[in-house]
Amino acid sequence: MSSVLRPAVSGQDPLIAPSQNGNSQGAGVGRIPGQYRRISSHLAIAPPVSVVIPAMNEAENLPYVFKTLPDWIHEVILVDGNSTDDTVQVARDLWPGIKVVKQRGKGKGDALISGFAAATGEIIVMVDADGSADGNEIVSYVSALVSGADFAKGSRFANGGGTDDMTPVRKLGNRVLCAVVNAKFGARYTDLCYGYNAFWRHCLDKIDLDCTGFEVETLMNIRVVKAGLRVQEIPSHEYVRIHGMSNLSAVRDGLRVLRVILKERGKRHGRGAVS
């Protein structure tokens, strides 16, 4: 894993390699392509970052999603769930060079698994296509990873997070299911059913995703703990879906999440750390 966290010195381009005496290299020496990617005036990283966006009929929402994505991202992967609108064309217009993956199966879990397989970055970020996530938060996720975490888990209920899109029933269900996972698997999560996460690609070999629906997020959260991976929660704010209706069903998908928890309880083999 080539994680590099490097503070940017004021007045110095973090993409310019420093000389041995500590100063920027002089005339005649250019940039070292791909060595560092500027994230902010104080942070530059080496690992390429892939953003995976599962989408089905989200053409109206994509402009809001893409306008907040940082320009230092290595690649954006749109997993199209057989959209009948202009989702794919809109994505290509908004982000030239975007990688489009056609989903063969159905469900969010299936879409994410397809997107993860197509990603080439060392860091993978999951972002929903409904406009509820702020791409500007990606810097916090990446910072946590290059600082030592294996899995950066978004939380709407950590200090500094929030949500505009959860009904009281969904909040209660999420709280109860989160408490069950914490009790059964030794986690310390404040949020369970949230799809804004980031991780090093090596984590995929240890969590072996094998579900197709919205419960994929819960499965990931459980398996990273069971695999002994270091998890850091990232405060995140969830906004209301801008256009269209969500396919999420509080009762149906809540039951699917519960079945995942019960199934995974019998496979427990390790414990990770959540900070």
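This section describes the overall composition of a predicted model, followed by helix α7, an internal cavity and residue D85.

The protein contains eight helices and 12 strands. Of its 275 residues, 51% are classed as buried. The exposed surface of the protein amounts to about 12800 Å², of which 52% is supplied by carbon and sulfur atoms. Contacts between residues at least 6 apart in sequence were also examined, and 75% of these join residues at least 24 apart.

Helix α7 spans residues 216-226. This helix is mostly covered, with 11 of its 11 residues buried. Charged side chains are represented in this set, since under the classification applied Asp, Glu, Lys and Arg count as charged; the buried residues of α7 include E217, R223 and K226. Among the other buried positions of the helix are V216, L219, M220, I222, V224 and V225, together with T218 and N221. After α7 comes G228, which has a positive phi near 80°.

Within this helix, E217 was considered in more detail. The relative accessibility of E217 is 6%, and the residue is therefore counted as buried, because the cut-off for that class is under 20%. The side chain of E217 forms a polar contact of 2.5 Å with the side chain of K108. When neighbours within four places in sequence are set aside, the contacts of E217 comprise K108, M126, C193, Y194 and G195. K108 thus appears both as the polar partner of the E217 side chain and in the list of residues in contact with E217.

Two of the residues in contact with E217, Y194 and G195, also belong to the lining of the largest cavity. A search of the whole structure identified one cavity of 30 Å³ or more, and the largest cavity holds about 30 Å³ of space. Its lining is formed by D128, S132, A133, Y194, G195 and Y196. By class, this lining comprises three nonpolar, two polar and one charged residues.

D85 is located in the loop between β4 (75-80) and α2 (87-94). With a relative accessibility of 31%, D85 is classed as partly exposed, whereas E217 is buried at 6%. The side chain of D85 makes a polar contact of 2.6 Å with the side chain of T87. Residues up to four places away in sequence being excluded, D85 touches N57, E58 and A59. D85 and E60 are separated by 25 residues in sequence, and their C-alpha atoms lie 9.3 Å apart in space.

Terms used
Residues are numbered from 1 along each chain as its sequence is written. This is a predicted model: local features need pLDDT of at least 70, side-chain atom pairs count only at pLDDT 80 or more; totals for chains, interfaces and linings use all residues. Side-chain values use heavy atoms; hydrogens and water are left out. Helices (H or I, at least four residues) and strands (E, at least two) are DSSP runs, numbered from the N terminus. Buried means under 20% relative accessible area, exposed over 50%, partly exposed in between (1.4 Å probe, protein chains only). A polar contact is a pair of N or O atoms within 3.5 Å; within protein, one must be able to donate a hydrogen and the other to accept it, and residues adjacent in sequence count only if both atoms are side-chain atoms. Contact means heavy atoms within 4.5 Å. Accessible areas come from the Shrake-Rupley method with a 1.4 Å probe; for residues, only the protein chains shown count as cover. On a 1 Å grid over the protein atoms alone, a cavity is a set of points where a 1.4 Å probe fits but cannot get out, and a pocket is an open set with protein on both sides within 12 Å along at least five of seven lines; lining residues have an atom within 4 Å of a point. Grid points are joined across faces, edges and corners, and a volume is the space filled by probe spheres set on the points.
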